[in-house]
Amino acid sequence: MASTYQTLTDVNADVRFNAGKDSTTLTNANLLRLANKYFNLMFRELVDLNEELYAEIASTALVANQREYSLPTDSASTFGSGLIKLQRVEISYNGTNWYVANPISLNEIGTPTILDADINNAFDKSSPKYWFKDRSVWIAPVPASTDSVAGGNTNLRIYWVKRPNEMTAVGDIPEIPKDFLSILAEGMLVDVFRSFGRISDMRLAETRWEKGLANMRSLEASPDSEQPFIFKASRKDYK
């Protein structure tokens, strides 16, 4: 049975109820903008606490004479999506032996990078390196036609954390644990109350938002231990 509190529609209803407003005053479009604003802040907090829970693996085949490998297309946009962190890069030039590629900066490359031959002379396939530039992973040495590049073999694995896609409709489910959706509503209420000049309620919402984040940090910092999520109500309710 589906949860009764898991979609943006549910969060919007919570915001309208606490603000004492209807959908004519607080439109879906305006609430969607606020939801994405606070959702992105919450997601970065969650990633900082336990990035392993939100990491993904992207795999692809090596291509002869190609050193640049773009991240998956849903990370190409700087806004709404995109890379948060590269965790690990693994490469196999022969399809059997895998090596962890170590990160390197361009300043650490002591040879011109225009020619593959220069790159290959400077690096060894048993100790590959990579650098990140223009939303792509660049690897060294450069795969050759004699390497295992034919037949769509998966010879490159990238472990990474990416931003989730922003929500676009009220029926969307925010990509965070549903235990924390009430915190999302509190964050949205900060801006809602500010827009109506309800400064006292805005400050209360800010306090509840910060307390909610503190609870979230406590829970996510120890995901292996079972702890009840308790959102303590303020002694003062919104007007």
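Helices (H or I, at least four residues) and strands (E, at least two) are taken here as DSSP runs, numbered from the N terminus. The model is a predicted one, so local features need pLDDT of at least 70 and side-chain atom pairs count only at pLDDT 80 or more, while totals for chains, interfaces and linings use all residues. Residues are numbered from 1 along each chain as its sequence is written, and side-chain values use heavy atoms, with hydrogens and water left out.

Aromatic pairs come up first. Rings of Phe, Tyr and Trp (its six-membered ring) pair if their centres lie within 6.5 Å; planes under 30 degrees apart are called stacked, over 60 edge-to-face, and the rest tilted. Three aromatic pairs turn up by this rule. In one of these, Y38 meets W209 edge-to-face, at 5.0 Å centre to centre and with 80 degrees between the planes. Y38 sits in helix α2 (residues 28-49) and W209 in helix α5, so this pair ties together parts that are 171 residues apart in sequence. Both ends are tucked away: Y38 counts as buried at 6% relative accessibility, and W209 counts as buried at 9% (buried is under 20% relative accessible area, exposed over 50%, partly exposed in between, with a 1.4 Å probe and protein chains only).

Then there is F39 with F43, a tilted pair because the ring centres are 6.3 Å apart and the planes stand at 45 degrees. F39 and F43 are four residues apart in helix α2, and so are separated by about one helical turn. Both F39 and F43 are buried, and ring pairs link them with Y54 into a cluster.

W209 also shows up where α5 packs on α4. The axes of α4 (residues 181-195) and α5 (residues 199-220) come within 8 Å and cross at roughly 160 degrees (axes are lines fitted to C-alpha atoms, for helices over the stretch in contact, with angles running from 0 to 180 degrees between N-to-C directions). The two helices are therefore roughly antiparallel to each other (over 145 degrees; under 35 is roughly parallel, 65 to 115 roughly perpendicular, the rest oblique).

The backbone has a few oddities too. A140 and P141 are joined by a cis peptide bond, with omega about 0 degrees, and P141 lies in the loop between β6 (136-140) and β7 (156-163). D134, though not a glycine, has a positive phi of about 55 degrees; at 57% relative accessibility it counts as exposed.

Key:
Contact = heavy atoms within 4.5 Å.
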